[in-house]
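Here are a few exercises to work through with the structure open beside you. Try each one yourself before reading the solution.

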Amino acid sequence: MGNSQDLNSESIVICPSCDLAVLLPAYRRGYQCRCPRCKRLLRPANKISLTQGAAVAISAILMMLCALPLPFFSLSSAGNSASFSLLSLCLIFEDWFFLAALFVSTVLLLPLCMLLIICAIGFFGYKPSKTVATVYSFCHICSFVDVFVLAVAISLVKITSLAAVDFLSGFYLFIIFSWMTVWCWNKYRPVSIWKLVSEGPELQINLELNGKDQGIKICRRCSCAFVSHAKEAVCPRCGMNTSFRQKSCGQKCVALLLAASILFLPSNLYPVMFTTYLGNTEGSNIVEGALFLWKSGSWLVASVIIVASLFIPGFKILALSYLSFKVNKGAITNPVALSRLFHLVEFIGKWSMLDVFVVIIMTVAVRFGGLMSIAPGLAILTFCLVVLVTLWAAASFDERLIWDKYVEKK
């Protein structure tokens, strides 16, 4: 995007989605700026200081540290009772290390790291290095706290059909932590941290030409815009090799989509969870679990599971396949619709992790000795891989190719 923007005066930036040169007016609180061509948000309506963000971040950290050891909720059924804490989620998976590591990293460690960086910058004026900004970007991408909260709600609906549930202090503290973390995640995107590393070079941008036609490259890692007419150049801010368009993105995206399609079938046909009741073990896949909830009267929760676990992964595969085809072979007549389709794929991508977190919570929560227990099935691992591979496929697709082809055909 644009570099060295003065909020009190007009500035010209290059849209990272469609490569259009856009003149931004002087900043006015409450007014956001969007690209007139692809409608991407270029400047938010309200600027929040890092000191304010740090105050929210440190509060979120304290909420998390208090919530970890405290009981989350308790269950009672047929004279048996059990309770668990978030800490027990980290320690219970002796045979399912991957699931435990997934929960610890995406719900606790990576969000915590993101919050700590915000605190260091806001409270102590720390100037982030390239390494810290790279770490922040990774933490921001892989923070799934909001998905976990929805998974908790769905798990509770499932569990109430098996046992009585009592909410305890750890549950309420974690909800507060989640809200604060999502607020920080939304307000402090990685590009705002990269701008603290360095503003990037000053550019003389012509409003009548696209960025590529002026020799302007945009780094995919840090969003730094710089001039280089060479085929590939090193980003002056983060040091990443940058080309005008992401190299081999079409082939990479298609290969990843093929892998996701192969994994998608076993993840939905085989059991994701095994329930043992009085010595009898029965497996259930995603569809069977949703049908059970539907028949129990939990239509909304059943619909959420079907949408998140079946529709979203399948939709992402089909949508990215369609976008890859249009960019490589098809004719593009409505690029705005294709851009919106890609933005939708990016937005819904992580929500497919919902069923993975539901299985993790159910496995830890439902443990009544020899009476009842729940264990993960191998299909939950393949389903998790489907989600991760489709996220990777979306990240490898270069949206600007849509507009390149549209402009060429005009």
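**Exercise 1.** Is Leu-258 buried or exposed?

*Solution.* Before we start, a word on the source: this is a predicted model, where local features need pLDDT of at least 70 and side-chain atom pairs count only at pLDDT 80 or more, while totals for chains, interfaces and linings use all residues. Residues are numbered from 1 along each chain as its sequence is written, and side-chain values use heavy atoms, with hydrogens and water left out.

Step 1: find Leu-258 in helix H8; helices here are DSSP runs of H or I with at least four residues, strands are E runs of at least two, and both are numbered from the N terminus.
Step 2: apply the cut-offs, where buried means under 20% relative accessible area, exposed over 50%, and partly exposed in between (1.4 Å probe, protein chains only).
Step 3: Leu-258 has a relative accessible area of 55%, so it's exposed.
For an extra bit of orientation, its C-alpha sits 46 Å from that of Glu-10, with the two positions 248 residues apart along the chain.

**Exercise 2.** Work out how strands S1 and S2 are paired.

*Solution.* Step 1: look at residues 11–14 (S1) and 21–24 (S2), which run antiparallel and are joined by four bridges; two strands pair if DSSP finds at least two bridges between them.
Step 2: pick out Ser-11, which has Leu-24 of S2 opposite.
Step 3: follow the chain through the six residues between the strands of this hairpin, and you'll meet Asp-19 in the turn, with a positive phi of about 70 degrees.

**Exercise 3.** Find the salt-bridge partner of Arg-245, then say what the pair ties together.

*Solution.* Step 1: a salt bridge is a side-chain nitrogen of Lys or Arg within 4 Å of a carboxyl oxygen of Asp or Glu; the whole structure has five.
Step 2: the partner is our turn residue, Asp-19, at 3.0 Å from N to O.
Step 3: Arg-245 is in the loop between strand S11 (241–243) and helix H8 (249–269), and Asp-19 is in the S1–S2 loop, so the pair ties together parts 226 residues apart in sequence.
Step 4: check the burial: Asp-19 counts as buried at 2% relative accessibility, and Arg-245 is buried too, at 10%.
Step 5: widen the view, and you get a salt-bridge network linking Asp-19, Arg-245 and Asp-404.

**Exercise 4.** Which side chain meets Lys-350 in a salt bridge?

*Solution.* Step 1: it's Asp-146, at 3.0 Å from N to O.
Step 2: Lys-350 lies in the loop between helix H11 (335–348) and helix H12 (354–365), and Asp-146 in helix H5 (residues 145–160), so this pair ties together parts 204 residues apart in sequence.
Step 3: Lys-350 is buried, with a relative accessible area of 11%.

**Exercise 5.** Which residues of helix H7 are buried, and what do they pack against?

*Solution.* Step 1: in H7 (residues 190–197), the buried ones are Pro-190, Ile-193, Trp-194 and Val-197.
Step 2: they cover an arc of only 100 degrees around the axis, so they're on the same side of H7; the arc is taken from the directions from the helix axis to the C-beta atoms.
Step 3: these buried residues pack against helix H3 (97–124) and helix H4 (130–141), where contact means heavy atoms within 4.5 Å.
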